[in-house]
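Hi everyone, thanks for making time. I'd like to walk you through a structure that will be new to most of you, so have it open while I talk.

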Amino acid sequence: MAFLEMKSVNKGYGSANLRTEVLNDINLQVEEGEFIAIVGFSGSGKSTLISLMAGLITPDSGQIMLKGQEITDPGPDRGIVFQNYSLLPWLSVAGNVDLSVKQVFPKLSRAERRKHVEKYVDMVNLLPAIGKKPHELSGGMRQRVSIARALAMQPEILLLDEPLSALDALTRAVLQDEITNIWEKDRRTVIMITNDVDEAILLADRIVPLKPGPNATFGPEFKVPLERPRDRTAMNDDPEFKKIRNAVTSYLMDVNTEAKSLNVNTNIVLPDIQPVDLSAA
Ligand code: ADP
Ligand code: MG
């Protein structure tokens, strides 16, 4: 039995006459401790996929199982980090992390909670800013808070929805390293959505491409057998790295071209309206 499993999952939005079929026949098996990267085009249904695993929405058909249990609603066993750091603006760094700790570990004393919060704030190197409010932090720091908050719940699985996409390249690189370090120490199962193929290769054990929608399905996965720790600079010259990057990139380009040519041929049903002859009046 896989740790996380998606079986023939379908999901669309809207009702009969105004419906978008987003995901179609999604199948995925993730083992405990694996780091999976999902790459795909904007609008293809990546956030929908994460929301399904998080239990924020439910599939129209098919099943999602975590350790053999069907996921039907959100739970503390899944830590989520979104692209747009969803922090409460009136709470400090500590306050934002503490909020989820309080929920998940209600029995901890104040002092124990404080210690727990500090441990995770330290893990993302934010102790010097622990008393600051979100508006006093840079984008990278805010995203660190989101990561600390998710980690502090000690979830079984981390669901990361393009957590680094909004950041500049340097901050992004620093956070990639932090995520790797934390993952290596803690060995949680991670599913990370990213739009960056290099990032996927740097971090993941496997890369699963999501084809363009509507009715997006997974393409064939790419294994990343590169040794860890992986060094960003050394990797650029590694023939194995280049091979994987080429394979993933050309696959994505091919399915994108294919999807575009399909969309050109779709029949657009025009509304049946009779023009009024204005000159007749
Ligand atoms: P991605 O994260 O890959 O950019 P999303 O999962 O956010 O894609 O969206 C996939 C498709 O579903 C898009 O066409 C989007 O407009 C549509 N969509 C997403 N959420 C909703 C919603 N709550 N209601 C209706 N349509 C939605
Ligand atoms: Mg998205």
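**Pockets, a ligand and a salt bridge**

Let's begin with the largest pocket: α2 gives the largest share of its lining, 5 residues. One thing to keep in mind throughout is that this is a predicted model.

Staying with that pocket, its volume is about 430 Å³. In total, 20 residues line it, and the ones nearest the centre are Ile80, Ser100, Gln103, Arg149 and Met153. Which elements supply at least two residues each of this lining? They are β6 (78-81), α2 (93-104) and α4 (139-152). If you sort the lining by class, you get 11 nonpolar, 7 polar and 2 charged residues.

Now turn to the second largest pocket, with a volume of about 170 Å³. Its lining includes a run you can pick out in the sequence, Lys211, Pro212, Gly213, Pro214, Asn215, Ala216 and Thr217. Further along, Val255, Glu258, Ala259, Leu262 and Asn263 line this pocket too. By class, that lining comes to 6 nonpolar, 4 polar and 2 charged residues.

Okay, on to ligand 1. What sits around it? The residues there are Tyr13, Val22, Phe41, Ser42, Gly43, Ser44, Gly45, Lys46, Ser47 and Thr48. Helix α1, residues 46-54, makes the largest share of that shell, with 3 residues. Polar residues number 6 in the shell, next to 3 nonpolar and 1 charged.

Zoom in on the backbone here. A polar backbone atom of glycine 43 is 2.7 Å from an oxygen atom of ligand 1. For lysine 46, a polar backbone atom is 2.8 Å from a ligand 1 oxygen. Serine 44 joins in as well, with a backbone N or O atom 3.2 Å from an oxygen of the ligand. And how much of ligand 1 does the protein cover? On its own the ligand has 570 Å² of accessible area, and the protein covers 56% of that.

Last topic: charges. Side chains of opposite charge can pair when their charged atoms come close. Across the whole structure, a search finds 18 salt bridges. One of them joins the side chains of arginine 206 and glutamate 34, at 2.7 Å from N to O. This pair links distant parts of the chain, 172 residues apart. Arginine 206 is in strand β9 (residues 206-210), while glutamate 34 is in the loop between β2 (20-30) and β3 (35-40).

That's my tour, so please go ahead and ask away.

Definitions and conventions:
Residues are numbered from 1 along each chain as its sequence is written. Chains are lettered from A and ligands numbered from 1 in the order in which they are written. This is a predicted model: local features need pLDDT of at least 70, side-chain atom pairs count only at pLDDT 80 or more; totals for chains, interfaces and linings use all residues. Side-chain values use heavy atoms; hydrogens and water are left out. A residue is near a molecule or strand if one of its heavy atoms lies within 4 Å of it. A polar contact is a pair of N or O atoms within 3.5 Å; within protein, one must be able to donate a hydrogen and the other to accept it, and residues adjacent in sequence count only if both atoms are side-chain atoms. Accessible areas come from the Shrake-Rupley method with a 1.4 Å probe; for residues, only the protein chains shown count as cover. Helices (H or I, at least four residues) and strands (E, at least two) are DSSP runs, numbered from the N terminus. Ala, Val, Leu, Ile, Met, Phe, Trp, Tyr, Cys and Pro count as nonpolar, Asp, Glu, Lys and Arg as charged, and the others, Gly among them, as polar. On a 1 Å grid over the protein atoms alone, a cavity is a set of points where a 1.4 Å probe fits but cannot get out, and a pocket is an open set with protein on both sides within 12 Å along at least five of seven lines; lining residues have an atom within 4 Å of a point. Grid points are joined across faces, edges and corners, and a volume is the space filled by probe spheres set on the points. A salt bridge is a side-chain nitrogen of Lys or Arg within 4 Å of a carboxyl oxygen of Asp or Glu.
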